[in-house]
Amino acid sequence: MVFPASFSHSASLQLSASFHGERTTSTLLPSSTSSNSCPFVGSQLAFSASLRGSKTMSPSRLVVYSRRLSGLEEAMKMRREREQRERSNTKFTRPLPLRRGRVSPRLPVPDDIPKPPYVSTKELPELASEHQFHDAEGIEKMRAACELAARVLQSAGELVKPSITTNEIDKAVHQMIIDAGAYPSPLGYGGFPKSVCTSVNECMCHGIPDSRQLQDGDIINIDVTVYLNGYHGDTSKTFLCGNVNDILKRLVKVTEECMEKGIAVCKDGASFKKIGKRIRYSVTLLCDWFPFGPYFR
């Protein structure tokens, strides 16, 4: 057997294993102790195990191998450990849990604006079974839809401040989109009642705008999608509202960095899973997520 390990010669390692259906707790002790701390690389350990009850397995020898970290990985590990210690010494005020506000009626769209086919029904559209190939004209229309979505998102972000409601942001986004001759894609999608998604604090995505006022220290993700000339342009960004504490600032910063690294993978022929792997690897290097768990419980 091979176990990845990195600990000093004076340390012991507790393992849990199952032998023939019996649960066992094992202790690995180094065959020779030393005051020098260095990772095991092919070092022999004495292995003894006791099964549940009175059964005992005879001692044997076990070799533990470790993989030395690269310089970059070691530096990032040291950085994460330092930042985790700094965060553990800092107290943060837990925001109050979200409470749903009043959801106002959906806003009207002029009849002359082309609408996506799902608007007339509350059913979600089915995924197309055939591959889509876009010509130069289609790509230009796609680019125009995306550019409009980006402009609307930027304007919506400028509205973020304490005391404004997400319903007010929805009204502003709705008006900007229809003024450009486009349709707000979320409106009517599967029965969604609003023209934009606003996700505050612990709301992960697709939050419904309502009468709740943004509070100082909130974070809010605004998700804008427009339907223009037969194409959807979709974009979102998380904005800081007022004085946001350091742990939330870091959450937003690291998330954006990981997104950029995922975008950098995108090219002709790249698989979706490669994008996901790059983002996952970036999360591992850039941030230790464990401190965020207790913060949002």
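# A tour from Asn221 outward

Select Asn221 first: its relative accessibility is 18%, so Asn221 counts as buried, the cut-off being under 20%. The model on screen is a predicted one.

**Stop 1: around Asn221.** Colour residues 219–228, which form strand S7, and Asn221 will be found within that strand. Now show side chains for Asn221 and Thr238; a polar contact of 3.2 Å joins the two. Which residues beyond four places in sequence are in contact with Asn221? Add Cys197, Thr198 and Ser199 to the selection, then Ser236, Lys237 and Thr238, and the set is complete.

**Stop 2: the largest pocket.** Keep Asn221 selected and add Ser236, Lys237, Thr255 and Met259; of the 29 residues that line the largest pocket, these five lie nearest its centre. Two or more lining residues come from each of S7, S8, helix H4 (246–265) and helix H5 (272–286). Which element gives the most to this lining? Select H4, which supplies nine residues. The space in the largest pocket comes to about 1000 Å³. Colouring the lining by class will give 17 nonpolar residues, eight polar and four charged.

**Stop 3: the largest nonpolar core.** Go back to S7 and pick Ile220, Ile222, Val224 and Val226, then add Val160, Ile169 and Leu214; among the 23 residues of the largest nonpolar core, these touch the most other members. At least two residues of this core come from each of helix H2 (136–158), helix H3 (166–179), S7 and strand S8 (231–240). The most come from H2, which gives six.

Centre the view on Ile169 to look at one member of the core in detail. Leaving aside neighbours within four places in sequence, Ile169 is in contact with Ala156, Leu159, Val160 and Ile164, and also with Thr198, Leu214, Ile220 and Ile222. Thr198 is also on the contact list of Asn221, so keep Thr198 displayed if you want both neighbourhoods in view.

**Stop 4: the second largest pocket.** Select Glu126, Leu127, Ala128, Gln132 and His232, which lie nearest the centre of the second largest pocket. How many residues line this pocket? The lining has 15, and by class these are ten nonpolar, four polar and one charged. The volume of the second largest pocket is about 490 Å³.

**Stop 5: two loop residues with positive phi.** Move to the loop between strand S6 (197–200) and S7, and select His206 there. The phi angle of His206 is near 60°, which is positive although the residue is not glycine. Is His206 buried or exposed? With a relative accessible area of 51%, His206 is exposed.

Next, follow S7 into the loop that leads to S8 and select Asn229. Here too phi is positive in a residue other than glycine, at a value near 55°. Asn229 counts as exposed because its relative accessibility of 52% is over 50%.

**Stop 6: Glu73 and Thr284.** Finally, select Glu73 in helix H1, which covers residues 71–88. Glu73 has a relative accessibility of 22% and so counts as partly exposed. Then add Thr284 and draw a distance between the two C-alpha atoms: the separation is 9.9 Å, although Glu73 and Thr284 are 211 residues apart along the chain.

How values were computed: Residues numbered from 1 in each chain as written. Predicted model: local features only at pLDDT ≥ 70, side-chain atom pairs only at ≥ 80, totals over all residues. Heavy atoms only, no water. Helix = DSSP H or I, 4+ residues; strand = E, 2+ residues; numbered from the N terminus. Buried < 20%, exposed > 50% of the residue type's maximum accessible area, 1.4 Å probe, protein only. Polar contact = N/O pair within 3.5 Å; in protein donor to acceptor, adjacent residues only side chain to side chain. Contact = heavy atoms within 4.5 Å. Core = buried A, V, L, I, M, F, W, Y, C linked by side-chain atoms within 4.5 Å. 1 Å grid on protein atoms, 1.4 Å probe; cavity = no way out; pocket = protein on both sides within 12 Å on 5 of 7 lines; lining within 4 Å. Points joined across faces, edges and corners; volume = space filled by probe spheres on them. Nonpolar A, V, L, I, M, F, W, Y, C, P; charged D, E, K, R; others polar.
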